[in-house]
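Q: Hey, can you walk me through this structure? I'm in my first year, so plain words please.

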Protein chains: 2
Amino acid sequence: MTCQLFRYSGDVDTLPHQRWLDQDQQDVWRAWLDVSARLPVALHRDLQANSDLSLPDFDVLVQLSEHPDGRLRASALAQGLQWERSRLSHHVRRMERRGLVTREECDDDGRGAWVVVTDTGRRAIEAAAPTHVSTVRHLVLDALTPAQVRDLGDILTTIGARLDSASDPKDPR
Amino acid sequence: MTCQLFRYSGDVDTLPHQRWLDQDQQDVWRAWLDVSARLPVALHRDLQANSDLSLPDFDVLVQLSEHPDGRLRASALAQGLQWERSRLSHHVRRMERRGLVTREECDDDGRGAWVVVTDTGRRAIEAAAPTHVSTVRHLVLDALTPAQVRDLGDILTTIGARLDSASDPKDPR
DNA sequence: CCCGAGTAGATGATACGTCAACTTGATACT
DNA sequence: AGTATCAAGTTGACGTATCATCTACTCGGG
């Protein structure tokens with residue numbers, strides 16, 4: 001994977017007023033694309049091998065498990081997952097069909113709905129979690145030095161902040 | 001996002017023999033999940049705003065543009081993208097329908113197929129590339145110090161290597 | 001009380017990704 | 001030649017993600 005990000009047949013100067021990426025930057029960006037594509041696939045496969053959960057299933061169950069009674073309002077859940085509400089709705093429907101969660105009406109708000117983890121769901125995540133965590137360790141956290149883990153945290157926080165302000169109406173670049 | 005990765009109602013010790021993540025590790029892992037989920041969404045939105053290309057469309061066109069005549073054998077293209085062949089086949093079909101690429105039979109190998117970028121496809125990527133690159137800069141490369149970019153490259157390379165050996169039949173942990 | 005604006009969530013259409021067949025042509029071995 | 005095997009690519013089914021749209025409810029004035 002040593003090719004350039006753009007090498008149109010002609011000269012790059014055919015597109016003037018444009019800063020392209022130098023070689024080092026291209027390498028880092030390619031590496032990002034590579035890892036961010038393959039890591040979730042590896043985690044997903046790992047989960048599938050040890051449980052009937054997908055990565056999104058797992059994320060949902062983690063959120064629910066973290067809250068008292070294993071229940072959360074749909075919007076709160078969506079926000080915790082950084083998902084769109086419609087995505088959550090679709091996903092919960094599928095998980096409900098498999099018995100991992102149920103939906104319950106909300107008393108104080110007639111529009112609202114609770115998403116509740118079932119016993120089946122609890123058993124599923126408790127069975128899946130150990131290997132999942134150890135895969136995360138093996139592929140990422142234990143692969144890096146403590147200093148690298150710290151650096152990575154700082155880097156991701158910085159990028160995360162950019163993403164915040166990018167979706168923010170202020171500073172649309 | 002200051003919650004723990006796992007906080008079952010009971011004590012963590014109900015699942016013994018398991019190393020969980022400490023707080024710092026959880027933070028880093030959460031940050032990874034957060035950024036790796038939101039960055040592609042931001043890039044995708046950006047592309048949609050300036051062109052009719054999706055992120056995968058863009059990736060395909062980049063690969064094709066990097067090669068003479070803008071043509072590549074399907075397998076080579078799949079490998080360059082790190083995609084499964086079937087995924088490529090589906091995607092090329094959709095792109096073909098929109099006139100971005102065409103498929104051509106291969107003379108030397110009766111099974112093979114070329115994927116060829118059309119003029120429309122070329123125009124599309126040339127229109128989309130400048131803003132896309134500048135968004136990548138804005139959100140990532142220019143947000144970090146040169147040292148951080150180097151660090152990130154090292155970190156990603158390390159993880160990439162783990163991913164390689166994870167899918168490798170040898171060392172299945 | 002009623003009306004309009006906003007909110008919570010669900011739904012349908014479409015695009016995307018994966019897996020498991022399947023088809024067809026290349027290769028190798030007899 | 002004949003057959004087994006493998007490689008290239010396609011297809012169909014299904015799960016997943018996004019967008020636009022819809023329904024039902026809440027709330028804050030008139």
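A: Sure. One term to begin with: a residue counts as near a strand of DNA if its C-beta atom, placed from the backbone, lies within 6 Å of that strand. Also keep in mind that this is a predicted model.

Q: OK, so which residues come nearest to DNA strand C?

A: Ser75(A), Ser86(A), Ser89(A), Ser54(B) and Gly110(B) come nearest, out of the 27 residues around DNA strand C.

Q: And which helices supply the surface near DNA strand C?

A: From chain A, α1 (23-50), α3 (74-81) and α4 (85-97) each supply at least two residues, and so do α2 (55-65) and α4 (85-97) from chain B.

Q: Which one gives the most to that surface near DNA strand C?

A: That's α4(A), with six residues.

Q: How do the residues near DNA strand C divide into nonpolar, polar and charged?

A: Five are nonpolar, ten are polar and twelve are charged.

Q: Now the other strand. How many residues surround DNA strand D, and which are closest?

A: 26 residues surround DNA strand D, and the closest are Ser54(A), Gly110(A), Ser75(B), Ser86(B) and Ser89(B). For the surface near DNA strand D, α2 (55-65) and α4 of chain A each supply at least two residues, as do α1 (23-50), α3 and α4 of chain B.

Q: What about nonpolar, polar and charged residues near DNA strand D?

A: There the residues divide into four nonpolar, ten polar and twelve charged.

Q: Let's switch to the protein itself. How many helices and strands does chain A have?

A: Chain A has six helices and three strands. Going along the sequence, chain A reads α-α-β-α-α-β-β-α-α.

Q: How much of chain A is buried?

A: Of its 173 residues, 28% count as buried. As for contacts within chain A between residues at least 6 apart in sequence, 44% join residues at least 24 apart.

Q: How do the strands of chain A pair up?

A: Strand β1 (residues 71-73) of chain A pairs with strand β3 (residues 113-117) of chain A in the antiparallel sense, over three bridges. Strand β2 (residues 101-105) of chain A also pairs with β3(A) in the antiparallel sense, over five bridges.

Q: Which residues stand opposite Val115(A)?

A: Leu72(A) stands opposite Val115(A) in β3(A), and Arg103(A) stands opposite Val115(A) too.

Q: And what order do the strands of the chain B sheet have?

A: The chain B sheet is an open one of three strands in the order β1-β3-β2, with antiparallel pairing. The edge strands are β1 and β2 of chain B, since each pairs on one side only. On average, neighbouring strands in this sheet are turned by 25° against each other, direction ignored.

Q: How many bridges join the strands there?

A: β2(B) and β3(B) pair over five bridges, while β1(B) and β3(B) pair over three. To put some residues on that, Glu105(B) stands opposite Ala113(B) in β3(B), and Arg71(B) has Val116(B) in β3(B) as its bridge partner.

Q: Where does α2(B) lie?

A: α2(B) lies across β1, β2 and β3 of chain B, and runs at about 100° to β3(B).

Q: Which residues of α2(B) are buried?

A: Asp57(B), Val60(B), Leu61(B), Gln63(B) and Leu64(B) are buried in α2(B). Seen down the axis of α2(B), these buried residues fall within an arc of 160°, so they line one face of the helix.

Q: Why would they end up on one face?

A: An α-helix has 3.6 residues a turn, so residues three or four places apart point the same way.

Q: Ah, nice. What covers the buried residues of α2(B)?

A: The cover includes β1 (71-73), α3 (74-81), α4, β2 (101-105), β3 (113-117) and α5 (119-139) of chain B.

Q: Last topic: how many residues of chain A are in contact with chain B?

A: 53 residues of chain A are in contact with 53 residues of chain B. On the chain A side, the elements giving two or more residues are α1, α2, α5 (119-139) and α6 (146-167) of chain A. α6(A) gives the most to that side, with 14 residues.

Q: And how does that side of chain A divide into nonpolar, polar and charged?

A: The side of chain A that touches chain B has 32 nonpolar, twelve polar and nine charged residues.

Notes:
Residues are numbered from 1 along each chain as its sequence is written. Chains are lettered from A and ligands numbered from 1 in the order in which they are written. This is a predicted model: local features need pLDDT of at least 70, side-chain atom pairs count only at pLDDT 80 or more; totals for chains, interfaces and linings use all residues. Helices (H or I, at least four residues) and strands (E, at least two) are DSSP runs, numbered from the N terminus. Ala, Val, Leu, Ile, Met, Phe, Trp, Tyr, Cys and Pro count as nonpolar, Asp, Glu, Lys and Arg as charged, and the others, Gly among them, as polar. A residue is buried if 20 or more other C-beta atoms lie within 10 Å of its own, exposed if 12 or fewer, and partly exposed in between; C-beta atoms are placed from the backbone. The arc is that of the directions from the helix axis to the C-beta atoms. Two residues are in contact if their C-beta atoms, placed from the backbone, lie within 7 Å. Two strands pair if DSSP finds at least two bridges between them. Axes are lines fitted to C-alpha atoms, for helices over the stretch in contact, and angles run from 0 to 180 degrees between N-to-C directions.
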